[in-house]
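Here are a few friendly notes on charged side chains, set out point by point. Please keep the structure open beside you as you read.

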Protein chains: 2
Amino acid sequence: MLQSREPELRERHGISFRITGIASRRLGWIADPNGLNVENVEHVERAPSPASGKSAPHSTNVHTWLKSAQADVLFEATSLNVENGQPAVDHIRAALNHGAHAITANKGPIVHAYRELRDLAVAQSKRFLFESTVMDGVPIFSLFHELPVIHLQGFHGILNSTTNVILSEMENGLTFDESLEKAQSLGIAETDATHDIDGWDAAVKTGALITVLMDVPIRLEEINREGIRGLSAEAVRAAKKEARPYKLVCRGRKTEKGITATVRPEQIPLTDPMAQIAGTSSYIYFETDIFPGLAITEENPGLYATAYGMLADFVRVVR
Amino acid sequence: MLQSREPELRERHGISFRITGIASRRLGWIADPNGLNVENVEHVERAPSPASGKSAPHSTNVHTWLKSAQADVLFEATSLNVENGQPAVDHIRAALNHGAHAITANKGPIVHAYRELRDLAVAQSKRFLFESTVMDGVPIFSLFHELPVIHLQGFHGILNSTTNVILSEMENGLTFDESLEKAQSLGIAETDATHDIDGWDAAVKTGALITVLMDVPIRLEEINREGIRGLSAEAVRAAKKEARPYKLVCRGRKTEKGITATVRPEQIPLTDPMAQIAGTSSYIYFETDIFPGLAITEENPGLYATAYGMLADFVRVVR
């Protein structure tokens, strides 16, 4: 996506860039401050870099890699670790300490280390952005940046695509296992979909919204969480038939006693817009003092929507 | 609203302000660079200003008034003039030329002079913001500022509250005239509601979205416009009964031949979220290359939502 939008970034936003580092489990830590040939990323470790004519040197950890790459911006996209947010937290901390902006699509660091990373970014005069963590790249967090002196009292929504696809497919007659396979074949569910099915992904998103938008850190254990594993296909179809379909609903609310938060299957009446959110679509409804109800619906996003969120964060940090 | 949020603006955003000018048809042009006593705005013309102890001097036009007030920011809130956007265009132009930021809740200047005012603002290194013009203060224009390198292909929505309240009330059994009176008693419809009923307000909003978000200036005559005057209460109730209620729908679309735009009553199937938008709620659905469907719903806003949009613009221009 960076490459396909390169002309527009240059012409409309005056932004040019060079990819000077790539790291993955398979490739290891690759860096070349003169720029890597990412057209051929599969062979990047063997290919001489286009600018220097030399082979790209390998680093052994995130610190030497950031230094070798002379990184100005880090895109962090490791997968979710619900226990402690690692290694993403270390990567982002290293980037900020190195003097680079940090952009992540990984919500683990938000629930496990938001305040530390936010304050570190401020101290380093860098940005820490994470718009892709909730509703793909839909600018939820940026929206609230555009809503000064507003107070968020509560929210509810449908934020996990895998379970929503599974519920929709079970309504259409498939078994749980067939529905899960379909979600996997669509590229939405990972091979191990436990995090989705048991509500962890939705709970981490709920925690991220509470932590950032309500400015109240919340531990995952404080979120009342129930996944969709206990729902039979028969129950799902019966609920659909009685016009009160099941959805995995995320809720957060400020109360006098503190924050209450739940993630659980709920039967939704057809008059609630959530009842219409099917497949990969998602939905969030915010209750604020100014707008009693402000809702955002994302219909059928493509798989590139998350990548777009990181690209938009890139424009935010450099403009 | 400025006054009620004053402590929070100061403490959270480091913003302090002084109201140095007020102008209205009734009061005329009042200015005092030391600050006006707006607690008592009804008598401000007779009251000595709190800081100077002298009577606030009267100006005779917007130019001398801005100068007397030593204005840094203008809040422009005259009512809509569909023909030429005046006097709002002159007010905003005068503010920018004076060296003040200009904030307006009046959509006339957007369809009649957007490019001129936008370019003048850039030339003066000032901002020209207008978030309150569409969907009250919901940050529609700011949202697209947060969506770089995205392309808007089309949109549709329900953007006029008066007609939506009238249609809802006719569904509930009232006549057209009774419904209009109800909208007026709610403070939504003006005494002369012609602009709403004949679709002018919705058309100007449609034009504003096309002009700003698609970057294509469009004249009001190019928008295919039909109001709700031709709908009988019987037709509205029959449509509701057959589960395809009438809504005044705004549409804009980029085509190979240019922009097509319509404002007209349409019967909406219940599977479309627009069918649920009742009373003062509003809705917009954007089709973009990244997000095939991105929709925003504003449920039952208070009358302060438009004022909030101007306040949020104020924070945007000074932070």
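1. How does B:Arg244 count by its relative accessibility: buried, partly exposed or exposed? This is a predicted model, so every value here is computed from it. At 35% relative accessibility, B:Arg244 counts as partly exposed, because that figure lies between the 20% and 50% cut-offs.

2. B:Arg244 has a salt-bridge partner, B:Glu242, and the closest N and O atoms of the two are 3.9 Å apart. That is within the 4 Å limit, so the pair counts. B:Glu242 is partly exposed as well, with a relative accessibility of 47%.

3. Elsewhere, salt bridges with shared partners link A:Arg115, A:Arg118, A:Asp119 and A:Asp215 into one network.

4. Now have a look at helix 9 of chain B, which spans residues 200-213. Here B:Lys205 and B:Asp201 form a salt bridge, with 3.0 Å between the closest N and O atoms. The two residues sit 4 apart in the helix, so about one helical turn separates them.

5. Are these two helix partners buried or exposed? B:Lys205 is buried at 11% relative accessibility, and B:Asp201 is buried too, with a relative accessible area of 8%. Both values fall under the 20% cut-off, which is why they count as buried.

6. For a pair in another setting, try B:Glu221 and B:Arg219: their side chains meet in a salt bridge at 3.1 Å, N to O. Both of these residues are exposed.

7. As for the overall tally, the count over all chains comes to 46 salt bridges.

Conventions:
Residues numbered from 1 in each chain as written. Chains lettered and ligands numbered in written order. Predicted model: local features only at pLDDT ≥ 70, side-chain atom pairs only at ≥ 80, totals over all residues. Heavy atoms only, no water. Buried < 20%, exposed > 50% of the residue type's maximum accessible area, 1.4 Å probe, protein only.
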